[in-house]
Each structure stands twice: as C-alpha cells, then as structure tokens.
Amino acid sequence: MRNHDLVFLKHFSMVIVFLIGLTVALILLGIYINSQQEPEPNPVAERAMAERVRPVGAVYAGSTGAAAQAAA
C-alpha cells in the first residue's frame, strides 16, 4: 500500500512541475509577443511634448529681424 502512495506522489509532482513550466513558458511567450508590437502614438501626449520643447522667445537680427519685430 505504501508503494502506491509513492507512485501517486511522484506522478502528482511531475504534473505540478509540468504545469509550472507551462505557465512560465506562456508568460515568456506573452512578454515576447507584446514587445514585438509598436506602441500607438498618443496625439495628446505628442502635443504636450511639442508644447514643452517649443522655444520661449524669438531672436530678431538684421534688417529682416527689424521687419519681423515691427510686425510682431
């Protein structure tokens, strides 16, 4: 009777190890597939970034600068 318990535990352990391995493999596959996709551009974030990096002032130099300054 004791031998049956050991056989059961051996098989049960093998099934658990297989399921853990399968879970890890599926997680890694999902991470790999997700890393292959290009992120969608977010127009709101792009506008906010363009607003942050735009120049604060302008430089007027020479004769063309005087005309632009007068127009401003």
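**Exercise 1.** In which helix is the place of Glu-51? Work out too whether Glu-51 counts as buried, partly exposed or exposed, and find its side-chain partner.

*Solution.* Keep in mind that you're looking at a predicted model.
- Step 1: Glu-51 sits in helix H2, which covers residues 43–53.
- Step 2: The relative accessible area of Glu-51 is 47%. Buried needs under 20% and exposed needs over 50%, so Glu-51, at 47%, is partly exposed.
- Step 3: Now for the partner: the side chain of Glu-51 makes a polar contact with the side chain of Arg-54, at 2.9 Å.

**Exercise 2.** Classify the pair formed by the rings of Phe-8 and Phe-12, and say how exposed Phe-8 and Phe-12 are.

*Solution.*
- Step 1: Place them. Both Phe-8 and Phe-12 belong to helix H1, four residues apart, or about one turn of the helix.
- Step 2: The count of aromatic pairs comes to one. In it, the ring centres of Phe-8 and Phe-12 are 5.8 Å apart and the planes meet at 20°, so the pair is stacked; the cut-off for stacked is under 30 degrees.
- Step 3: Phe-8 has a relative accessible area of 51%, so it's exposed. Phe-12 comes in at 46%, so Phe-12 is partly exposed.

**Exercise 3.** Describe residues 12–33 and find where confidence is highest and lowest in the chain.

*Solution.*
- Step 1: UniProt, in an unreviewed entry, puts a "transmembrane region" at residues 12–33.
- Step 2: That span is 100% helix and 0% strand, and its end C-alpha atoms lie 32 Å apart.
- Step 3: Confidence peaks in helix H1 (residues 2–35) at a mean of 95, and is lowest in helix H3 (residues 62–71) at 69. The chain averages a pLDDT of 87.

Key. Residues numbered from 1 in each chain as written. Predicted model: local features only at pLDDT ≥ 70, side-chain atom pairs only at ≥ 80, totals over all residues. Heavy atoms only, no water. UniProt positions renumbered as here; feature names shortened; annotations may be inferred. Helix = DSSP H or I, 4+ residues; strand = E, 2+ residues; numbered from the N terminus. pLDDT = per-residue confidence, 0-100. Buried < 20%, exposed > 50% of the residue type's maximum accessible area, 1.4 Å probe, protein only. Polar contact = N/O pair within 3.5 Å; in protein donor to acceptor, adjacent residues only side chain to side chain. Phe/Tyr/Trp six-rings, centres within 6.5 Å; stacked < 30°, edge-to-face > 60°.
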